[in-house]
Amino acid sequence: MATANSKRGIDVLYDPALNKSTAFSEAEKQALGIIGLVPDVTETEDQQLQRVNLQLAQKPTDLERYIYLINLLDHNETLFYRTVMSDPARFLPIVYDPTIGEACLKFGHIYRQPRGMYLSITRRGEVKNVLKNWPQKDVRFICVTDAGRILGLGDLGANGMGIPIGKLQLYTACAGVPPQYLLPMYLDAGTNNEQYRNDPLYLGMRKTRPSTDELYSFVDEFVQAVQALYPKCCIHFEDWTGVDAVHLLKRYRDKYCVYNDDVQGTAGITLAGMINATKLKGTNLKDEKYLFLGAGSAAIGLADLLCSALVAQGMTLKEAQSRVYMFDINGLLEDTRTDLVDFQKPYSHKHAPTRDFASAIESIKPTTIIGVSTVGGSFTQKVIEAMSRINERPVILALSNPTEHAECTPEQAYTWSKGTAIYAAGVQFPPVHFGGHTFLPGQANNFYIFPAIGMAVFATQAARVPDELFIEAARAVADQVPPGLLKQGLLYPLQSNILETEVQTAARVAKLVFDLGLARVKQPTDIVAFIRQLVYKPEYREETAASTTA
Ligand code: NAI
């Protein structure tokens, strides 16, 4: 197939979207003028993959493997995606959680090549012109962070750029969104991380963060510029501080095609786990009572989405909110607290003040506890034992990441609950053998949700991304866990089959986009086939003489 590429010679080899390295055919080498510039062989993609695996095996750590793979992406995009998509269960933990956390902490030190865009608050007034420097004219997704809160690691400033880069790779690797439409973006408004400001290799502004008003006016200019330049673009907000995440989502969600993955994606994936937990228990979402540890963006997003799902099951919003309690760094959210922000108040109920999570469990009697606190080990033995006393099958969701931030490990949950816990974590843990059973802890990671939402939005050119899409995605993900694996405690589908899972999820979400009248394309008769034909395939295109002179 001819391409619109007009590059020749060495320029082809320096373009990661065109470079095939050792896989050019003789005819392509002739046409592109690269004879002698590459070894005189024509390898298949599988031979190249064999070499990648050989080189990866020689790397001593996952961080080294991450650096190697990012380098591969910088030189040969097709081979990078072929590698990651060849074995997602093996490669997702390297290109994303948990390795990405370490990669961000060291971002300024391991930096090799520019990727995505860096936009400083000092460019206010000229944001649109700066965005015009991006070479692609049809951008469909911008994943944007100010790195106010990266994973559970806090304010990482410019080091947080690893996250939008990694997240967008997952759109392609997990759901097949073609990579040329994706733009990672860091809005640099400074950092309050003194260690980075003093690091000679730090790659951002060495200033403390501005006032909220200044930050939001910068973000307003950015959002407006995106609307003007890329009218089909969806803005994915990622890893802002909890308050900014919730407030910025509210500011734009009814006007533009935007969503916040920490708020809505996390909510979607957790809801999927809760749906499957109720299947295991033989109950219904509305029969459960929920206590969160953490009341930030992830907690609020999940609680709001959960309440929407409960309202869909026939409850009033007030009744739904009365089933949800929260506990944060200052204790239980209750009605004598004076430090709560607007979006936390619906989850603050009449209760005596307490800073003891285990005793709050004894009095509230939740059926499910959800850890989104960033504090590793905070689901102690006392906490799990209290949950087990109250519940035949306590549901324990320890969602904070990276790994050492998980509120408890699966081994702890199964051991302390004597094998009765229904458990999932935000990171992948290996199976646990306890009491003659093998338990399969699922990974409640939003990479089951946001790439599928992305594919659905890409396919339908959705004008908005309402919560209903995340509820539908949650149901679709939950429905795809085989009953045998669910019985072993696995709340989420296997990662090895992630592309197919997400295509099916994207198709269900796309159907809803059409039903809600939010699509900007005509509805096809077969939505699964429609999605499938858009899926990116990590295969080289044929580069012909015609394409190079076009
Ligand atoms: P956030 O910073 O907005 O909120 C953290 C909350 O935890 C705050 O309410 C804070 O008061 C509370 N907290 C902190 N220390 C505490 C303590 N010692 N005891 C009780 N509460 C405490 O952060 P956000 O965005 O809500 O994320 C929280 C965690 O959830 C992070 O570790 C993040 O990595 C994880 N997360 C996991 C996802 C997944 O897919 N598994 C997706 C998004 C976030």
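## Close-ups of a predicted model

**View 1. Strand S6 and its two neighbours.** In S9, Tyr 290 finds its bridge partner in Thr 368. This is a predicted model, and the pair is a handy place to start looking around. S6 and S9 run parallel and are joined by 4 bridges. S7 pairs with S6 too, in the parallel sense and again over 4 bridges. Here Leu 291 has Tyr 325 of S7 as its bridge partner. So how do the side chains sort themselves out? In a regular strand they alternate between the two faces of the sheet. In S6, Tyr 290 and Phe 292 sit on one side, with Leu 291 and Leu 293 on the other, and all of them are buried. Both faces of S6 are covered, then.

**View 2. The whole sheet, edge to edge.** Step back and S6 turns out to belong to an open sheet of 7 strands, in the order S8-S7-S6-S9-S10-S11-S14, with mixed pairing. Which strands are at the edges? Strand S8 (331–332) and strand S14 (442–443), each of which pairs on one side only. Strands in a sheet pair through backbone hydrogen bonds, either parallel or antiparallel. For a parallel example, look at S10 (residues 395–398) and S11 (residues 422–425), which share 4 bridges. One spot to find there is Val 395, whose bridge partner in S11 is Ile 422.

**View 3. A helix laid across the strands.** Helix H15 (residues 297–312) lies across strand S6 (290–293), strand S7 (324–328) and strand S9 (368–371). Relative to S7, H15 runs at about 175°.

**View 4. Around the ligand.** There are 25 residues around the ligand, and the ones that come nearest are Arg 149, Thr 266, Ala 295, Ser 297 and Asn 401. A few polar contacts are worth zooming in on. A backbone N or O atom of Ala 298 lies 2.9 Å from a ligand oxygen atom. Ile 329 also joins in through its backbone, with a polar atom 3.2 Å from an oxygen atom of the ligand. Ser 400 uses its side chain instead: an N or O atom there is 3.4 Å from a ligand oxygen.

**View 5. Helix H23 and its packing partners.** H23 covers residues 498–515. How well does its length agree with the expected span? At 1.5 Å a residue, its 18 residues should span 26 Å, and the end C-alpha atoms are indeed 26 Å apart. Its buried residues include Ile 498, Val 503, Val 509, Leu 512 and Phe 514. Glu 502 is on the buried list as well. The buried residues pack against helices H6 (88–95), H10 (162–175), H20 (450–460), H21 (467–479) and H24 (527–532). Just after H23, Gly 517 takes a positive phi of about 75°.

**View 6. Helix H5, mostly covered.** In H5 (residues 77–86), 9 of the 10 residues are buried. Among them are Glu 77, Leu 79, Phe 80, Tyr 81, Arg 82 and Met 85. What do the buried residues of H5 pack against? Their partners are helix H3 (45–57), helix H4 (62–75), H6, H10 and H23.

**View 7. A lysine in a loop.** Lys 20 is in the loop between helix H1 (10–13) and helix H2 (26–32). Is Lys 20 buried or exposed? Its relative accessibility is 5%, so Lys 20 counts as buried. Leaving out residues up to four places away in sequence, Lys 20 touches Glu 28, Gln 48, Asn 76, Tyr 540, Arg 541, Glu 542 and Glu 543.

Methods
Residues numbered from 1 in each chain as written. Predicted model: local features only at pLDDT ≥ 70, side-chain atom pairs only at ≥ 80, totals over all residues. Heavy atoms only, no water. Pairing = 2+ DSSP bridges. Contact = heavy atoms within 4.5 Å. Axes fitted to C-alpha atoms, helices over the stretch in contact; angles between N-to-C directions. Buried < 20%, exposed > 50% of the residue type's maximum accessible area, 1.4 Å probe, protein only. Expected span 1.5 Å × (residues − 1). Near = heavy atom within 4 Å. Polar contact = N/O pair within 3.5 Å; in protein donor to acceptor, adjacent residues only side chain to side chain.
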